[in-house]
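Here's a quick briefing to read alongside the model. Keep the 3D view open as you go.

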Amino acid sequence: MSPLPEPRYPTVAELVSSARALTARGPGLCVLRQVGTSRAGRPLHLLSVGRARRAVLVVAGAHANEPAGGGTLLTLVRRVLHEPELRDGTSWHFLLCADPDGASLHVTPAPRSLHDYHLGFFRPAGPEQPEWAPSVLPPDRLPPETRALTGVIDELRPYLQVSLHGTDLGGSWVQLTKDVPGLAEPFAKSAAELHIPVETGASDAAGWPASGPGVRVMPAPDAGPAYPSLPDDARHSTWYHAHRYGGLTAVIEVPMWASDLVDDPAPHPAPAAALRALAERLLRDAGEVRRVLEDTPPRPGATGPLLRAATWGLELVPGLAADLVRTPPADGTRAYVGSVDAFARRVPLRAAAMLLRAVRETDGHAAARLEHLVALWSDAFAARFQARWVPVEHQVEHQSRTVVAAALHARERAA
């Protein structure tokens, strides 16, 4: 990959500082308040613009390794302040970071390559992710970040919740808990103008009905999951909490590195055989990481978030590999097979990256083995998908445009 200009994503501290400055300039319009506290005692902040009962809630930082959302959030705040028509009968509310603890552990705010990105990688285990925790934990064990988020939804009763997400390498797509007619057109137009591919066969939305290219509507509760072994189910996440008030959630994904291989709708010549090969590689790669873990027993009491997350990811592999072999392909396109290929690369690569960070200071031999795997797999991932950097300003602009389009079209739906 060619040298890149240094990208810039705001830190949580910078988000809070910017929110305070905006509140100071518009004290009659903006309110910044604390709505909860993380497991480690970090505050969760909500910035509100306007007081209308009809509300839009925008959530950033649900996944620590998806940094574009913070910049998108600030761009949206400024746009809402400067365009009064967006506030016409609507208040906007911005959760600055849903997981500040996770954000403190993902330490690559300016990656120059996919390898550099993974050297500081962190993404918590499923039960520790604020949005996903309700799908894998009973109500009495939910983390405080989840309770704060659902509390905000209960208070605001938004007609639209928008969750800002991202992918390391691929394209852009939208997941909806209910259809928003008309959204697909402005979404596709924005992606084309900014040279961001639309991921038409995203494995995250495998088998879901399409509202338009790259826009998927989550299935009904009685629909079977594409990957039965995975414990997390979007229909039990915080995304569905807005439904109890008649609202819906839009999850907007934007890539850091783009690949034009993920928007090919042409039929794959042998999708089932391709998925079997991907399952075999997934098992093989995960086995390499697991062997390092088995050869490096953790010190007594060493159960930190990096080790928990790496172990959790490895535990998903056998079931996921079996799903890829036993379950008929949810989509027979080249785009879908490419998306599964990327997914199957991410799981062991992320586990290796987090385990490397966990053992770097205590086991030089294990660290050297893991450093080799992280470098090898990162470079192979980038080469296979012909990765090209998406400028941060394009990531932010596309995501913010899509949020505004979703708010306007969902408002028409709710009227």
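What follows covers one helix, the cavities and two loop residues.

This is a predicted model, so local features need pLDDT of at least 70 and side-chain atom pairs count only at pLDDT 80 or more, while totals for chains, interfaces and linings use all residues. Residues are numbered from 1 along each chain as its sequence is written, and side-chain values use heavy atoms, with hydrogens and water left out.

**Helix α10**
- Helix α10 takes in residues 364-384, 21 in all, and reaches 30 Å from its first C-alpha to its last, close to the 30 Å expected at 1.5 Å a residue. That expected span is 1.5 Å times one less than the number of residues, and helices here are DSSP runs (H or I, at least four residues), as strands are (E, at least two), numbered from the N terminus.
- Its buried residues (under 20% relative accessible area, 1.4 Å probe, protein chains only; exposed is over 50%, partly exposed in between) are A366, A367, L370, L373, V374, W377, S378, F381 and A382.
- Seen down the axis of α10, these buried residues fall within an arc of 145°, so they line one face of the helix; the arc is taken from the directions from the helix axis to the C-beta atoms.
- An α-helix has 3.6 residues a turn, so residues three or four places apart point the same way.
- Over on the other side of α10, G364, H365, H372 and A383 are exposed.
- The cover over the buried residues of α10 includes α4 (114-119), β5 (160-170), α7 (271-295) and α9 (334-359).
- At the N-terminal end, D363 caps α10, with a side-chain oxygen 3.2 Å from the backbone nitrogen of H365.
- After α10 comes Q386, with a positive phi near 50°.

**Cavities**
- Searching the whole structure turns up two cavities of 30 Å³ or more. A cavity is a set of points on a 1 Å grid over the protein atoms alone where a 1.4 Å probe fits but cannot get out, and lining residues have an atom within 4 Å of a point.
- The largest cavity has a volume of about 40 Å³, and its lining includes Y227, L275, D323 and Y336.

**Two loop residues**
- G50 sits in the loop between β2 (43-49) and β3 (55-59) and is buried, at 18% relative accessible area.
- Leaving aside neighbours within four places in sequence, G50 is in contact (heavy atoms within 4.5 Å) with L29, S91 and H93.
- S172 is in the loop between β5 and β6 (173-176) and is buried, at 0%.
- With neighbours within four places in sequence left aside, the contacts of S172 include F187, E253 and H398.

Definitions and conventions:
A polar contact is a pair of N or O atoms within 3.5 Å; within protein, one must be able to donate a hydrogen and the other to accept it, and residues adjacent in sequence count only if both atoms are side-chain atoms. On a 1 Å grid over the protein atoms alone, a cavity is a set of points where a 1.4 Å probe fits but cannot get out, and a pocket is an open set with protein on both sides within 12 Å along at least five of seven lines; lining residues have an atom within 4 Å of a point. Grid points are joined across faces, edges and corners, and a volume is the space filled by probe spheres set on the points.
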